[in-house]
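Me: I have a new model open and would like to go through it slowly. Could you walk me through it as I ask?

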Amino acid sequence: MHSYSVWDVLADASSLTPAQKRAMAQIFVEQAPHSAARFFARPDLDDETRDQMVNSTRNPSVLAAFLATPAVAISHMLSAATVLGAETVLLGATRSGWNSTEELLPLLEELDHEAACRVARAGRDIPPQLRSALIRAAARPPAALRDRPERLSEREREKLLAAVSAWHDDVWDLLDAAPARPLWSELVRDDHAGRLITSLLLNRADGLDDWVLRSCLESAFPKDPTQDEGQATRISGVLGASITFGRLADIHERHPRALLLHGPTIRNVIAGSTGEMTQEIREDGIDESSWNVFEAFAAVCTSPELLADAALCLSQATPPAWQARQPATREWIAARSRAADAMVRNPFFQAEALAPLISFLGAATAAHFVEHPDGRVRKAAALVVDQATEQGQSAQPVHERPDQPASVGVPGDAVLAQQDDPVAALSSFLPLKGSAARRRETAAAILDSRYAAPTHLQLLPAALVLAHTAHASAVAAVLLEELGESSESWNRFHSSVLRLTPSSTKMLGTLIREATVPTP
């Protein structure tokens, strides 16, 4: 026969008077947790006595035992949280299937990002209202991002970027869970977490339902620009347009119905950014590193009028003022050709707009227009093709001296894919070494790799990074994180970009650090 302790016997004793129960309640809170819990769960114990037991003990084990019984009430949970902590109480509630959601919501205000994630992952059947609140709590920035110093070393910056990535991954894991999907439309409208959640859904979710996609687009691009939370820190001009166009290009690629669902507003955003872009170029000129803005623009624009105006702007563009006394460099001219090529590939680009642009096309693109019905276009295209043909015939191959050791270059992605850690393999080429030409060649090869990470980009010349369309979204994410909400930092960065020369060796990370240094 099982041997019961005296307290176990008393916990189950029948016919106890109310006075005996009140007296024994004070004793049981000092006994073993299992005995205390058995007495606490007696069906004939009144609420006042249970409240007395919870409020009179500071023993975590006893309180946890109370919370595990079916007799626990929300008032007991809230009282126990002052001893056990909100996370422990919520973990117990979610594991036991507690469904009185509204009463538990005050405890969520005490959770940080990590605690909210742990509670959300531990629960089995979390009610929708509680799940939504946990996701909003998880979207709060971790302490590492809130308490960061103003000036960071390279290693600290890398750790910070890793923390941001992990934070976003955590929130996305909660959002991507099947029970959370019906909550997406509500979450994107949250005053505090909506901006991050909208960004994650637009950048990571595939096959969004129309009503969810529309909610995300309305949150990201409000019909009334004054309702855009990021408007105050938004950067204008060529750099701002490049960020906006790159963001929209990513959205269009992942969500082809975006223009159908939110077309008028998106077109207004494109038109506004285009106007800022062309105005700055006409007033200040354009440097080599900024020509990629036309490629991003051509990927999203659907207006023949905007395309024609941008084409005219491109044909009349000059190097920036600081470079005005010098002829356009070969790199500047090549970047302009790439921009023109991208423009004419846009399906909405009309034949009438070709005339001012045709002479700036690359030879391969111009070859498509040598039989164009417009005589001016046909003649200019033939001239571009003829000049390229003559240059190709006169070019002589350059042979390396046999006694010159071949330098080991950055391997291509096919080779990198066979390595255990392609990202680490690219890191071995940084910081850049060798002659100026060698460093530039290595930087260009790293930028051409799909394994180039944000940490790599910051160790490469800013002029090359900003001119590389494939990394526009990654660079934009780094800028948004590093420059934050400081208008002063954004303006300093923009000014530094305008001063870059095509051969500038200043690294992107250096540019960012200089922009974020506090003004004395």
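**Helix α5 and its surroundings**

Reply: The buried residues of α5 pack against α3 (33-40), α4 (47-55), α6 and α7, where packing rests on contact, meaning heavy atoms within 4.5 Å. Please keep in mind that this is a predicted model, in which local features need pLDDT of at least 70 and side-chain atom pairs count only at pLDDT 80 or more, while totals for chains, interfaces and linings use all residues. Residues are numbered from 1 along each chain as its sequence is written, and side-chain values use heavy atoms, with hydrogens and water left out.

Me: Which residues of α5 are buried?

Reply: In α5, which covers residues 60-67, the buried ones are Val62, Leu63, Ala65, Phe66 and Leu67. Buried means under 20% relative accessible area, exposed means over 50%, and partly exposed is in between, using a 1.4 Å probe and protein chains only. At the start of α5, a side-chain oxygen of Asn59 comes to within 2.9 Å of the backbone nitrogen of Ser61.

Me: And what is the overall make-up, in helices and strands?

Reply: The protein chain has 30 helices and zero strands; these are DSSP runs numbered from the N terminus, with helices being H or I of at least four residues and strands being E of at least two. Of its 520 residues, 45% count as buried. Among contacts between residues at least 6 apart in sequence, 65% join residues at least 24 apart.

Me: Back to α6 then, which residues are buried there?

Reply: Helix α6 (residues 74-84) has Ile74, His76, Met77, Ala80, Ala81 and Leu84 buried. Seen down the axis of α6, these buried residues fall within an arc of 145°, so they line one face of the helix; the arc is that of the directions from the helix axis to the C-beta atoms. An α-helix has 3.6 residues a turn, so residues three or four places apart point the same way.

Me: What follows α6?

Reply: Gly85 follows α6, and its phi is positive, near 95°.

Me: How do α7 and α9 pack?

Reply: Helix α7 (residues 86-95) and helix α9 (residues 113-122) pack at an angle of about 15°, and their axes are 9 Å apart. That makes α7 roughly parallel to α9, since angles under 35 degrees count as roughly parallel, over 145 as roughly antiparallel, 65 to 115 as roughly perpendicular and the rest as oblique. The contact is made by Glu87, Leu90, Leu91, Thr94 and Arg95 of α7 together with Ala115, Arg118, Val119 and Ala122 of α9. As for the method, axes are lines fitted to C-alpha atoms, for helices over the stretch in contact, and angles run from 0 to 180 degrees between N-to-C directions.

Me: Different topic: where is the cis peptide bond?

Reply: The peptide bond from Leu430 to Pro431 is cis, with omega near -5°, and Pro431 sits in the loop between α24 (422-427) and α25 (436-447). For background, most peptide bonds are trans.

Me: What about Ser427, is that buried, partly exposed or exposed?

Reply: Ser427, which lies in helix α24, is partly exposed, with a relative accessible area of 32%. Its side chain and that of His456 are joined by a polar contact of 2.8 Å; a polar contact is a pair of N or O atoms within 3.5 Å, and within protein one must be able to donate a hydrogen and the other to accept it, while residues adjacent in sequence count only if both atoms are side-chain atoms. Ser427 and His456 are 29 residues apart in sequence and 6.9 Å apart in space, C-alpha to C-alpha.

Me: And Ser289, what does that one touch?

Reply: Not counting residues up to four places away in sequence, Ser289 touches Ala463, Leu466, Ala467 and Leu500. Ser289 is in the loop between α17 (258-284) and α18 (292-300), and is buried, with a relative accessible area of 4%. The side chain of Ser289 also makes a polar contact with the side chain of Asp287, at 2.4 Å.

Me: Last one, where is Gly246?

Reply: Gly246 is found in helix α16 (residues 237-254) and counts as buried at 9% relative accessibility. The C-alpha atoms of Gly246 and Ser473 are separated by 5.9 Å, although these residues are 227 apart along the chain.
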